[in-house]
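Here's a quick tour for anyone meeting this structure for the first time. Have a look at it before reading on.

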Amino acid sequence: MEDTFEPRIVAFLCKWCSSAGSDLAGVSRMEYPSNVTPIQVMCSGSVSPLYIFSALNRGADGVLVSGCHPGDCHYIKGNYYARRRLALAKKLLEHIGLEPERFQMSWVSAAEGQKYTQIIKELVRELKPLGPQTKLRRKV
Amino acid sequence: MVNIQSLKEEARKCLQEGKVKYIIGYEKGADGWKANPAFIKKPEDVEKLIWDPTCFHNLARFLVDEKRRKAKEKQPDTRPVGVVVKGCDSRAVVILLQEKFIERNDVYILGLSCEKAGVVDERKLARKLDGKKPVKIELGEKDNFLVFTDDGKAEIPVREILAERCLECKANFPVISDVLFGEKTKREVLNPFQSIEKMESLAQEDKWNFWKQTLAKCIRCYACRSVCPMCYCDECVSDTINFAVTADTTAEEKAQKIKWLEKSPVLSENIFYNLVRAIHLAGRCIDCGECERACPVNIPLRLLNKKMEKEALKLFGYEAGFDPSQPSLISCFKDEDPQDFIR
């Protein structure tokens, strides 16, 4: 089971840095796993913890939120707010017993296509042994 | 000791002078021993006011209702509302002020210091009395509660029946008040995060098993939300009541309506709801413990809120409810906020 399991990852990428970074990875023809479903958001600061809970609720095996490096935010300070808010969300998810690997954050700039592919590879490698995420998945 | 007579005098004076619209306080409840929230409108009614260890309710909640009511009135009475607050309730008022939900001159705060004790925990008391019904509870002289039952009097040490939240209280006196009754004496609290430490030491799987069992009980009655002074959103994530579907609602409108979670009380949705509530209360919860008390199925909701409180303090050095001029936790940041979890 474990070697055939492919985790589904939802990635919230900020438009100005991480999304451009993933684009760079694409146009540079870098290879990385296809497990990730990117969702472009205007800023990592606009990612509400609700998005993360909701993604896990609808069956994501892992969630990645990626934004600009601190100081590089297009909106000056959006990623600082994201850092604070999502740190709390991460602690909360760990508190109720979700594996910490399931929700991760990264800073990826528009020039870091290489780093983006690296993060996705690592994420997939970490999520594979955990198996499907069933804890928060909707069962109605 | 809080002198109840002086509280009554002050309340009477305020009402007679017309300084306040009405006073929210505590009166003897219908069941004979517990306090009930009371709305005192006439000066002669102030005799009803009481103050004893059964005054659990966080009366700051009624300020939220008051604001809603006032917004609907054509010619609102702009006088302040008198509100009787304990230490925890006063911090709730601070948060409401901090978030500019109410103005400082909307409230006239009558602060009561809990001094040596706090409020009793009904469940602990019931266990202690073996099902006997108390008639009256008083704070005794030497760190004990005097519990009167039909067949006599029992002296129970404060620590044994004090509510959990009071055992971990950070300030058992009002941090903001117009008039203060009682002394600002700080009761010794050894560890304000005692209750969650056991929880934190568990392995990830055990934590999950614990929450799986407890949250599966949730019946989604939303008592926690109704009783919480901080849960004042006009529209809650869990029920989109403001967007009623009528005959005129177009398919497009319906499609655009976001439905975050299902209403059925199943485990996954219960977790979602409680996670959302916890994250919305992060840095705002003042640990009045009302959600836990109101919960009909005894879910230890404080464990969620307390965790957020602890993380806010540990990661960001933030304590909720002490300074109305401070920005709220997630509307500010520092350059040196921890980011070791970010790749």
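Below we look at how chain B is split into domains, and then at a pair of helices from two chains.

## Two domains in chain B

Keep in mind that this is a predicted model. The domain assignment cuts chain B into domain 1, covering 1-190, and domain 2, covering 195-337. Going by C-alpha atoms, the centres of these two domains of chain B sit 25 Å apart.

## Where the domains touch

Domain 1 of chain B puts 21 residues into the contact, and domain 2 of chain B puts in 19 residues. On the domain 1 side, the elements of chain B giving two or more residues are α2 (61-72), α3 (87-98) and α6 (164-167). The largest share of that side comes from α3(B), with nine residues.

What about chemistry? The side of domain 1 of chain B that touches domain 2 has 12 nonpolar, two polar and seven charged residues.

## A helix pair across chains A and B

Now for helix α2 of chain A (residues 49-57) and helix α11 of chain B (residues 267-280): their axes are 10 Å apart and the packing angle is about 170 degrees. Angles over 145 degrees count as roughly antiparallel, so that's the label for α2(A) and α11(B). The crossing of α2(A) with α11(B) is right-handed.

Which residues do the meeting? From α2(A) there are P49(A), L50(A), F53(A) and N57(A), and from α11(B) there are S268(B), F272(B), L275(B), V276(B) and I279(B). Sorted by class, this contact of α2(A) with α11(B) has seven nonpolar residues, two polar ones and no charged ones.

How values were computed. Residues numbered from 1 in each chain as written. Chains lettered and ligands numbered in written order. Predicted model: local features only at pLDDT ≥ 70, side-chain atom pairs only at ≥ 80, totals over all residues. Domains from an automatic or database assignment. Contact = placed C-beta atoms within 7 Å. Helix = DSSP H or I, 4+ residues; strand = E, 2+ residues; numbered from the N terminus. Nonpolar A, V, L, I, M, F, W, Y, C, P; charged D, E, K, R; others polar. Axes fitted to C-alpha atoms, helices over the stretch in contact; angles between N-to-C directions. Parallel < 35°, antiparallel > 145°, perpendicular 65-115°, else oblique. Left-handed = near helix turned anticlockwise from the far one by under 90°.
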